[in-house]
Amino acid sequence: MNKRLVCAVALACVWLLISCSGGGDSAGSSTGLTGPTLQSIVVAPGTATIAAGLTQQYSAAGKYSDGSSQPLSDVTWRTSDTTVAKVSSGGLVTTATQGTITVTATSGSVMGSAVLTVGPPNVLTLTVSPQTAAVSAGYTQQFAASGTFTDGSSQVVTNAVTWSASDTTVATINASGLAQTLKQGRITVTASSGPVSSNAAA
């Protein structure tokens, strides 16, 4: 009985020593592990130019101490001038007026930035006036174009418009929208700004 008791005690001691040894290694292993740290943030696109009133989507990617790189979603977005453009929590920039700003993504103490240039607004629609005109041969008729723009404004369009006449033997039209009639006939006067155009009859 004494031998059995001694063996049982010895086995219990061995088991206790093994358990303590294993627990110590586990604790040392867990406290010794640290993940890669964020070193820098790359904001894309790095440079961009868009018209006032339009939007631009930005993204952020993190570069880490182990050499890896991956997209970042948990960043704080800002623009350097909110009167020119604002940015949502998801990196979508909405422009308002012309100007050049910096778009910044921040995570903790690490920051990345990009440059955005906001240009003049694009023309959305055009309207030519007068819509119809009757002019005797040899006389002139002034046409004008008004437009709506991507920034929500509406105004008379001058420099951004190209004028044309459907039949230059009947009438010609200059860069300012002044038509000179040459003989009897019917023409279509067109004002164009990029892909946007509008017509009038004369």
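**Core packing and the setting of Gln-56**

Gln-56 lies in strand β3, which spans residues 55-57. The model is predicted. Gln-56 is buried, because its relative accessible area of 18% falls under the 20% cut-off. Beyond its neighbours within four places in sequence, Gln-56 contacts Pro-45, Ala-48 and Ile-50. Gly-91, Leu-92 and Val-93 complete its list of contacts.

Tyr-58 was examined next. Residues up to four places away in sequence were again set aside. Tyr-58 then touches Val-43, Ala-44, Pro-45 and Ala-48. Trp-77, Gly-90, Gly-91 and Val-93 are also in contact with Tyr-58. So are Val-103, Ala-114, Val-115 and Leu-116.

Tyr-58 belongs to the largest nonpolar core, a set of 22 residues. Together with Trp-77 and Leu-116, Tyr-58 ranks among the residues with the most contacts inside this core. Six strands each supply at least two of the core residues: β1 (38-44), β2 (47-51), β4 (59-64), β7 (85-87), β9 (99-107) and β10 (110-119). Strand β10 gives the largest share, with four residues. A second core is separate and holds 20 residues. Val-170, Ala-179, Val-189 and Val-196 are among them. In soluble globular proteins, nonpolar side chains tend to be buried together.

Confidence was considered last. The average pLDDT of the chain is 88. A score of at least 70 is reached by 84% of the residues. Over residues 20-31, the pLDDT is below 50. This stretch makes zero contacts in the model beyond near neighbours in sequence. Where pLDDT is low, predicted coordinates should not be read in detail.

Note on methods. Residues are numbered from 1 along each chain as its sequence is written. This is a predicted model: local features need pLDDT of at least 70, side-chain atom pairs count only at pLDDT 80 or more; totals for chains, interfaces and linings use all residues. Side-chain values use heavy atoms; hydrogens and water are left out. A nonpolar core is a set of buried Ala, Val, Leu, Ile, Met, Phe, Trp, Tyr and Cys residues joined through side-chain atoms within 4.5 Å. Buried means under 20% relative accessible area, exposed over 50%, partly exposed in between (1.4 Å probe, protein chains only). Contact means heavy atoms within 4.5 Å. pLDDT is the predictor's confidence in each residue, from 0 to 100.
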